[in-house]
Amino acid sequence: MPSCSPDCCLLRAVEIVKIFSEDGISKVVEIPADMTARDLCQLLVYKSHCVDDNSWALVEHHPLLGL
């Protein structure tokens, strides 16, 4: 039986991500494993008190990888 640390054996039920808006404001959000990108956009619209005009998008940014 291979040994492994507790961190690698646990399945995460929630991811914590930091989200930045166009104006530089950021929020930290807990995202359940079953949440879709559309669900997250709707949540951000609701929390930001914005109009849901279906023009929201999520973009991943990985500065260390140059992406």
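**Notebook: contacts, helix α2 and a surface patch**

I began with the contacts of the protein chain and noted that, among those between residues at least 6 apart in sequence, 2% join residues at least 24 apart. I keep in mind throughout that this is a predicted model.

Next I went through the secondary structure, which comes to two helices and two strands, and reading along the sequence I found the pattern α-β-β-α. I then looked up burial, and of the 67 residues of the protein chain 10% count as buried. For the surface I noted about 6,100 Å² exposed, with carbon and sulfur atoms supplying 60% of that area.

I turned to helix α2, residues 37–48, whose 12 residues reach 16 Å from the first C-alpha to the last, close to the 16 Å expected at 1.5 Å a residue. Which residues of α2 are buried? I listed Leu40, Cys41, Leu44 and Val45; these cover an arc of only 140 degrees around the axis, so they lie on the same side of α2. When I checked what covers the buried residues of α2, I found that the cover includes β1 (14–20) and β2. Just after α2, I noted that histidine 49 takes a positive phi of about 55 degrees.

Last, I looked at a nonpolar patch on the surface, formed by Val14, Ile16 and Val28, which together have about 280 Å² of accessible area. Is valine 28, which I placed in strand β2 (residues 26–32), buried or exposed? I recorded valine 28 as exposed, because its relative accessible area is 61% and the cut-off for exposed is over 50%.

Conventions: Residues numbered from 1 in each chain as written. Predicted model: local features only at pLDDT ≥ 70, side-chain atom pairs only at ≥ 80, totals over all residues. Heavy atoms only, no water. Helix = DSSP H or I, 4+ residues; strand = E, 2+ residues; numbered from the N terminus. Buried < 20%, exposed > 50% of the residue type's maximum accessible area, 1.4 Å probe, protein only. Contact = heavy atoms within 4.5 Å. Areas by Shrake-Rupley, 256 points an atom, 1.4 Å probe, with all protein chains shown as cover. Patch = residues over 30% accessible without salt bridge, like charges linked within 9 Å, V, L, I, M, F, W, Y side chains within 5 Å. Salt bridge = Lys/Arg side-chain N within 4 Å of Asp/Glu carboxyl O. Expected span 1.5 Å × (residues − 1). Arc of directions from axis to C-beta.
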